[in-house]
Amino acid sequence: MTTTFPDISISTERLVLRALEPADAPALADMMNDELVGAWTAVPQPFTEAAAHHWIGEYAPTERAAGRGIDLAITEFLTQRLVGVIQLGSADWRVRSAEMSYIIAPWARGEGYASEAALATAHWLFRDQRFERLELRTAADNTASQQVAQKIGCISEGVLRGACIARTRTEDGGWADLRTDFIIWSLLPEDLEGVADQMADAGGYGAYTDWN
């Protein structure tokens, strides 16, 4: 049984999802130093270019080779600009389940890129990798991430109380941990029926059948 994700590229109408490359390091570092990324993720702050190179050259390849997950750069099809990162982690090859997370750069928010990338990744995971379940965890107050989950057809399954550590700015400009809840979402293959077409109608870009 295959227990490693392939080195792949996924194309949509507007995006290309591909492996992170060394040339992505400056933009990746800029993206990870954004205030919202600092607040809602466990990414070290400040995030240096050296850390970006470690992620690209060591962490991501090791995770994929070990079968634990895959990290993909989200880039614009026309400009090739890095606009985000999408991750599949905690892969369980017996249950055929994985956990998804996504980050969109501040210079690319409001374009629907997170939902487009998440939907394309889910289709690839279910169709090509024969997975049967995808999970998302969103912090209780992270409404933007919750909206993405809803757009791609996820079902809210409940709340993990006090299970999330978010961060908030302190008076001296540093960060302080803030305990909150996780909302658990799930996506099964049958949940995707018609979702891509609905998103295409709302966003003005091609339907999933035009992607590959």
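Helix α3 has buried residues (under 20% relative accessible area with a 1.4 Å probe, protein chains only), and what covers them includes α1 (25–32), β3 (70–76) and β4 (82–92), with contact taken as heavy atoms within 4.5 Å. Helices here are DSSP runs of H or I with at least four residues, and strands are runs of E with at least two, numbered from the N terminus. This is a predicted model, in which local features need pLDDT of at least 70 and side-chain atom pairs pLDDT 80 or more, while totals for chains, interfaces and linings use all residues. Residues are numbered from 1 along each chain as its sequence is written, and side-chain values use heavy atoms, leaving out hydrogens and water.

The buried residues of α3 are Ala52, Trp55, Ile56, Ala60 and Glu63. The helix runs over residues 49–65, 17 in number, and spans 23 Å from first C-alpha to last, close to the expected 24 Å, which is 1.5 Å times one less than its number of residues. Trp55 also sits at the centre of a kink of about 40°, the bend being the angle between axes fitted to the seven residues ending at a residue and the seven starting there. After α3 comes Gly67, with a positive phi near 80°.

Now for the cores, each a set of buried Ala, Val, Leu, Ile, Met, Phe, Trp, Tyr and Cys residues joined through side-chain atoms within 4.5 Å. The largest holds 40 residues, and Tyr102 and Leu134 touch the most other members. Its largest share, 10 residues, comes from α4. A second, separate core of 18 residues includes Ala25, Phe47, Ala73 and Ile103.

How values were computed. Buried < 20%, exposed > 50% of the residue type's maximum accessible area, 1.4 Å probe, protein only.
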